[in-house]
Structures are given as structure tokens and as C-alpha cells.
Amino acid sequence: MEKKLKIAEIARRTGLSASTVSRVLAGKANTSPRAREQVLKAARELGVMDGMAAGRLLLNSLMIFAPPRAFDERSDVFYYRVIQSINKALAPHEVRLRYCPLEENDSDPTLFLSRMNEAETQAAVLLGIDDPHIHDLAADLGKPCVLINCRDERMRLPAISPDHRMIGAFAARYLFEMGHREVLNIMCLRRYTMEQRLAGIRESWAQHNLRFQHDKDLLNINSFSAKATEERVSEWLDAHKGQNLPTAFLVGSDFMAAGAINALRLRGLRVPQDISVMSIDGFNLAAIEDVPLTAVHVPRDELGSEAVQMLQQRLIRPDAPVGSLLLHGRLAVRESVRRVRPGKGHTAVEREGLYDNHSSIPSARLP
């Protein structure tokens, strides 16, 4: 009865029919933009929106702006999977998903404005777009917009991202807790997000009273590819032949870990018996050359689903405070990291017993 009274009251306030009000509140597409705006305004005033956060989305069309590589799984599997997770989150709702490639820096403002000003564009997601001018334009346009894995320096747009700094610190701390003190960090620092991970790693070093030496403890790779990493790590190993090697590699992605492991094996070094390898990624390769890979899973699918919920909240409460949601990673303990026991030799991590059974996670290999 109360629901019917609310619909009747909204209809009275807006001068629209009860059926039109019902269609707007149900997220149906066959309503005009003006009617939708009137109904949502009246619904907010009457408090109808407060209990709708988990209901049908209050939009019918969503635009995703992302770097061109994000739309090709072979070019950027991480962003591609984030987009797929948005698609999955929207599947139960009557929402049309549209896409627009946009460079992450020095983006085309004319293209962005033309797509945002289309009547069909009711809301937008900016995935990995770092251009501050685009962020300013998005905020000024007033349409609901959520950032994924990027940040608005002026703090006007809501954002969701992995907590890169904490994830880096957590991964390094795990290696220290396993007894490692000589660790080489193999990373690609092409974005500030990777710099944040490195900052977290350095924090863990300081917390364990270890001095991080950039030239000694960091190997910077120009991409996330296995091939580039194998070449660079091979050069590093050849240059350090005959010297004391680190007991562990902390690597910035699964494919980079595959390249590092290939470089080690070509030189007769075993994982984890000679050098442990840990990845910060953990989604793409559960095992490399039959070595189950210990990794910190960086949240990926959750980014898309939580961004959709964040958009819903902006639609319900457009004047609510704007903030950033940082998602934690998750540790997957497998067999590529050994425990170092001072004075007692090395003990490999067992598949069973110490942690949850991960045998249900499918293995994958590089082609």
C-alpha cells in the first residue's frame, strides 16, 4: 500500500501517469529523459531512493572510456577482464553498454565531449584514463561518472582501484616472513599505480630494518611481457654470474614471472630450490612450467561490479560526498616460494597442510 501511495504522490507532483513513474523506478528504457529526471527528483525528495541501492539500476545506457588496448585481451588482459566484469554486473539489468577508446594521457577532449553529450549517454566509467583535463570535463558535465584504476587529482569524481601501495607492502612482507632478506624486485613502472606498489614494497623494507637500494634491489622492465622480462633478467643474471644471487624475485605480473622463471631455468637455476619467485597478479598463470605460482591476487573482477554499485549510489544520492574505494589483494600460497631457515637450510612450501587447498585452481602455461 505504501509503495502505491508513493507512486501516486510522485505522479501527482510530476503530472505524469502512475505507469510512467513505475517504469522509471523499475529502470525501464521506454521513458523520456525529461520524465526520468522529474520522477527521480521527486523520488529523492520523498525518500523513495533510500532503499533502492540493491534494486534495478536507474540507468539504461552506460559508456566505458578506456585505452584502446583495454578492448583487446591480447594487449591488456587485466583491463579487458575488468570490462567483462562490468558487462557481467549489468547483465541482469536493462542497460546498454557502449565503448569508446580514449588515450590514457593527452586524450582527445572533442571525442570525449561528443560521446558524453549524446542523449543516450546517461553515465560513464573512465577506466585507466589519467588525463586530468578529461577528469575536469567529466566533473563539469554533471553526468554520473566513476573512475576505475585512476584518480581525479581535484577530488571531484568517485573512484575505485586496487590498493596498490598496500598490495606491494603485503607481498614484500610475505617474503620477509618466509625468511628472505635478499630480494630482487622486478617491475614495470610505466604508471603511477606501479610506483605506488613500489612505495609499499619500500615501506616493508624499512619496517624490517632493511635499506632499499634502487640500483641493487630493483630491476625495471619496459613492459609486462614475458619476452621483455626474460631478456632483461637474462642480462642481469649474466652480469651477476659468480656473485651472490638474491634468494627471491618479487615480480610485477604473472607473465613477467614466466619470463623470469624461463631466464632462471636456462641458466640451470631451479624454482624455488635456488631462487623463489612471487608474483603480484595471480590470475593469468596459476602455474609456470609445472611450478605452482605463489602470488598476491590483485582485485580485477571486483572492480567492475563495485563500480556499477558505485554508479547506482551516485544516481540515488548525487549530492553525497565523493571518495575513493581501495580494494585489498588476496594471497595465494603455492610452491614457487620456499621458506628460508637461517642455519638450517631451505624448506620448500608444501602444497597441503599449511594453507587452504588451492588444487581446484586450474593451471595454465604460456603458449
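These legends go with close-up views of a predicted model.

**View 1. The whole chain, for orientation.** Before zooming in, here's the overall tally: the protein chain has 12 helices and 16 strands. Of its 367 residues, 50% are buried. If you look at contacts between residues at least 6 apart in sequence, 69% of them join residues at least 24 apart.

**View 2. Helix α4 crossing helix α12.** Two packed helices are described by the angle between their axes and the distance between the axes. Here the pair is α4, residues 77-90, and α12, residues 301-316. Their axes come within 7 Å and cross at roughly 40°. That angle is over 35 degrees and under 65, so α4 counts as oblique to α12. As for handedness, the crossing of α4 and α12 is right-handed.

**View 3. Who touches whom between α4 and α12.** Now for the side of α4 that takes part: F78, R81, V82, S85, I86, A89 and L90 meet residues of α12. On the α12 side, the partners are D301, L303, G304, S305 and V308. Sorted by class, this contact of α4 with α12 has 7 nonpolar, 3 polar and 2 charged residues.

**View 4. N87 in helix α4.** N87 has its place in helix α4. Is N87 buried or partly exposed? Its relative accessible area is 34%, which falls between the 20% and 50% cut-offs, so N87 is partly exposed. Leaving aside neighbours within four places in sequence, N87 is in contact with L97 and Y99. There's also a long hop in sequence to point out: N87 and S305 are 218 residues apart along the chain, yet their C-alpha atoms are separated by 8.8 Å. S305 is one of the α12 residues that α4 meets.

**View 5. S161 in strand β5.** Next up is S161, which lies in strand β5, residues 159-162. With a relative accessible area of 11%, under the 20% cut-off, S161 counts as buried. Which residues does S161 touch, not counting those up to four places away in sequence? They are N149, L303, L325, L326 and L327. With N149 there's a polar contact too, side chain to side chain, at 3.3 Å. L303 links this view back to the helix pair: L303 touches S161, and L303 is also among the α12 residues met by α4.

Terms used:
Residues are numbered from 1 along each chain as its sequence is written. This is a predicted model: local features need pLDDT of at least 70, side-chain atom pairs count only at pLDDT 80 or more; totals for chains, interfaces and linings use all residues. Side-chain values use heavy atoms; hydrogens and water are left out. Axes are lines fitted to C-alpha atoms, for helices over the stretch in contact, and angles run from 0 to 180 degrees between N-to-C directions. Helices (H or I, at least four residues) and strands (E, at least two) are DSSP runs, numbered from the N terminus. Angles under 35 degrees count as roughly parallel, over 145 as roughly antiparallel, 65 to 115 as roughly perpendicular and the rest as oblique. A crossing is left-handed if the near helix is turned anticlockwise from the far one by less than a right angle, and right-handed if clockwise. Contact means heavy atoms within 4.5 Å. Ala, Val, Leu, Ile, Met, Phe, Trp, Tyr, Cys and Pro count as nonpolar, Asp, Glu, Lys and Arg as charged, and the others, Gly among them, as polar. Buried means under 20% relative accessible area, exposed over 50%, partly exposed in between (1.4 Å probe, protein chains only). A polar contact is a pair of N or O atoms within 3.5 Å; within protein, one must be able to donate a hydrogen and the other to accept it, and residues adjacent in sequence count only if both atoms are side-chain atoms.
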